[in-house]
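Biologist: Hello! I have a new structure to read, and I would like some help finding my way around. Could we go through it together?

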Amino acid sequence: MNAPAFLPAIISVLLIFVAGYAGWRLLAAPTLDLRTDFETDTLLLAAGVAGAGLISNWAHTLPRAAWSVIFTVAAGYFAVRAVIARAQVPRRNRLLAHACGSLVLVYMFLAGVAPSTLHGSTAGEYTMAPMPGMYVDTTITYPAIGLVCVAALAFYTASVLSRLSGAPVEGTERRAFAPRSVEACRVVVILALAYGILSKIV
Amino acid sequence: MTKDIAIDTASVRAGRGPRADSATRSEPARSPQAERLLVALAGLWLLDGLLQLQPFMFTKDFAIKTIAPAAQNNPGWVAHPVAWAAGLIENHAIAANTLFALIQLALGAGIACRPTRRAALACSMVWAGSVWLLGEGLGGLFTGAANPLTGAPGSALLYMLAALLLWPGSATTAFPGAGRLGAFRSRIVWSALWLGLAFLTLLPVNRAASAFAVAMTGGMMTTGEPHWYTTLQVHLSKLTLGHETGIAITMALVLALIGACVWAPRPTPVRAGLVAAAVVAAVYWVCGQAFGMPFMGMATDPNSGPLLALLAACFWPAPTSPDAPLEGAAA
């Protein structure tokens, strides 16, 4: 089975928008003399492009192996940075979240999360889901890990939204560069990755 | 060099800053425990919304295989609305499911965000009530075969109770779930729930021969699961064979004690009872509910196990002296 065509298309477009926005921030922040978190923006850029390719064929970019290596390196980098910043709890937690997010993407590439292999959509049809030989799409390997990832992503989204809705932004030297928009982009990426995993548990 | 603009969570917890002030105007101060539980409830709604986006949900089979069976063995006044809803969803599968997913994602986001929390909690009660009737057939309570092991009285009812208990109210209560209802009425809700579960456990159908084994491995329970998990379920189900009545009576006693524990005058027995409730919820979830059966891509929610654990956390005594008497409890 697969979702209606509009759903992966919308999610992929959202991810590409997030990637584009993060890329623009990376370029514009120094020019506008605004503070930004280059690590977060870089991760959003990569996750947006990679995630879109996992959901829609037309957004495919690098080979899976290349993305796997990139996000494995990113996970290691953020983990090391989290250890170094362990005294600054908010910073450490943020870096750990980046490390975990990178690991989720590594799992998605290794487990076989990919656009549907079915021609046309099964949405709105009778599919006889449990019957063998009927509309069976490729399924990810290690689905239990995928489901754990989905649950973790859902609860992390709730915690980000809770923090976001009442949080003042620290910093006095220079004005921060739309920090809440970055958090909103993170929420979009998290939900899109969770959708990507669930769409392959069929 | 990396420039950090991390959101200052410490200031939020302390309620400082202009945004925090504006947020607290619409939302009374809550204990950290209550805040965490609300975030957990929001996470569950977000998870439900994500599950609703699975490909199966957009097919007509969602109505036939997931909604329509809720009408079976129910009285007409329950079965007819369920059948009507199933027909409606079958005829408009894509639009209906898109709407369902968006509603649940919005509920999760709304509960997580402080300014919209009250409205989202109220809407979640209305939505969960509708799902309980139209999607779960009132949890099968009127079929004579409702089994807490497999999810009775229905996760939607538990969502309603969670929203009711965690409704924003006083910050200084004996436990996080007493914010609006108050300690006494919240305890009534808890006791009614667990005594109800005890009653359902003792129904003849739930202590008949092979009742536990059928509940744990029957039907499509193990379809799509990893092999190791199916092996575990089958092994555990075999252990129950021939001991159904004894297990049912023991479970009913444990459930009744859990229902009564919140009335204890000291925190220690309350905590013991709540830990037991969490253990029972975990056993139900792992052994009888298969984590909500997500391995087939047909799960609409994680079933009642996580919600029972969440409700137990709502009654965890607020930090005071180790064994001080609890407000509103039996003297």
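Biologist: Let me start with a pair of helices. Which residues in α6(B) meet which residues in α7(B)?

Modeller: A good place to begin, as long as we remember that this is a predicted model. From α6(B), the residues are Ile103(B), Leu107(B), Gly110(B) and Ile111(B). They meet Arg117(B), Ala119(B), Ala120(B), Leu121(B), Cys123(B), Ser124(B) and Trp127(B) of α7(B). Sorted by character, the residues of this contact comprise eight nonpolar, two polar and one charged.

Biologist: How is the packing of two helices described?

Modeller: Two values are used for packed helices: the angle between the axes and the distance between them. Here, α6(B), residues 93–112, packs with α7(B) at an angle of about 145°, and the axes are 8 Å apart. The crossing of α6(B) past α7(B) is left-handed.

Biologist: Let me stay with α6 of chain B for a moment. Is Ile94(B) buried or exposed, or something in between?

Modeller: The idea is to count C-beta neighbours inside 10 Å, and 20 or more would make a residue buried. Ile94(B), which sits in helix α6 of chain B, has 19 such neighbours, so it counts as partly exposed. Now look at Thr59(B): it is 35 residues from Ile94(B) along the chain, yet their C-alpha atoms are separated by 7.2 Å.

Biologist: Now the backbone. What is the usual pattern for phi and for peptide bonds?

Modeller: Most residues other than glycine have a negative phi, and most peptide bonds are trans. That gives us some exceptions to look up in chain B. A cis peptide bond, with omega about 10°, links Ala152(B) to Pro153(B). Pro153(B) belongs to the loop that runs between α7 (117–134) and α8 (155–165) of chain B.

Biologist: And which loop holds Phe291(B)?

Modeller: Phe291(B) is in the loop between α13 (267–288) and α14 (304–314) of chain B. Its phi is positive, about 60°, although Phe291(B) is not a glycine. Asn303(B) lies in the loop between α13 and α14 of chain B too, and it has a positive phi of about 70° without being a glycine.

Biologist: Why does Asn303(B) count as buried, and why is Phe291(B) partly exposed?

Modeller: Use the neighbour count again. Asn303(B) has 23 C-beta neighbours inside 10 Å and therefore counts as buried. For Phe291(B) there are 19 other C-beta atoms within 10 Å, so it is partly exposed.

Biologist: Let me step back to whole chains. How many helices and strands are there in chain B?

Modeller: Chain B has 14 helices and zero strands. Of its 331 residues, 49% are buried. Take the contacts in chain B between residues at least 6 apart in sequence: 71% of them join residues at least 24 apart. Chain A has six helices and zero strands, and buried residues are 47% of its 202 residues. For chain A, the share of such contacts that join residues at least 24 apart is 77%.

Biologist: What does the UniProt record say about chain A?

Modeller: A record like this can be laid over the model, span by span. The unreviewed UniProt entry annotates "transmembrane region" over several spans of chain A, including 40–59 and 65–84. In the model, residues 65–84 of chain A are 100% helix and 0% strand, with end C-alpha atoms 29 Å apart. Residues 40–59 of chain A are 80% helix and 0% strand, and the ends lie 22 Å apart.

Biologist: And chain B?

Modeller: For chain B, the unreviewed entry's "transmembrane region" annotation includes residues 37–57 and 188–205. The span 37–57 of chain B is 71% helix, with end C-alpha atoms 28 Å apart. The span 188–205 of chain B is 78% helix, with 27 Å between its end C-alpha atoms.

Biologist: Last topic, then. How confident is the predictor?

Modeller: Check each chain, then the complex. Chain A has a mean pLDDT of 86, with 85% of its residues at 70 or more. Chain B has a mean of 87, with 87% of its residues reaching 70 or more. Across residues 1–25 of chain B, however, pLDDT stays under 50. For the complex, the predictor gives an ipTM of 0.90 and a pTM of 0.89.

Note on methods:
Residues are numbered from 1 along each chain as its sequence is written. Chains are lettered from A and ligands numbered from 1 in the order in which they are written. This is a predicted model: local features need pLDDT of at least 70, side-chain atom pairs count only at pLDDT 80 or more; totals for chains, interfaces and linings use all residues. Helices (H or I, at least four residues) and strands (E, at least two) are DSSP runs, numbered from the N terminus. A residue is buried if 20 or more other C-beta atoms lie within 10 Å of its own, exposed if 12 or fewer, and partly exposed in between; C-beta atoms are placed from the backbone. UniProt positions are given in the numbering used here, feature names are shortened, and annotations may be inferred rather than shown by experiment. Axes are lines fitted to C-alpha atoms, for helices over the stretch in contact, and angles run from 0 to 180 degrees between N-to-C directions. A crossing is left-handed if the near helix is turned anticlockwise from the far one by less than a right angle, and right-handed if clockwise. Two residues are in contact if their C-beta atoms, placed from the backbone, lie within 7 Å. Ala, Val, Leu, Ile, Met, Phe, Trp, Tyr, Cys and Pro count as nonpolar, Asp, Glu, Lys and Arg as charged, and the others, Gly among them, as polar. pLDDT is the predictor's confidence in each residue, from 0 to 100.
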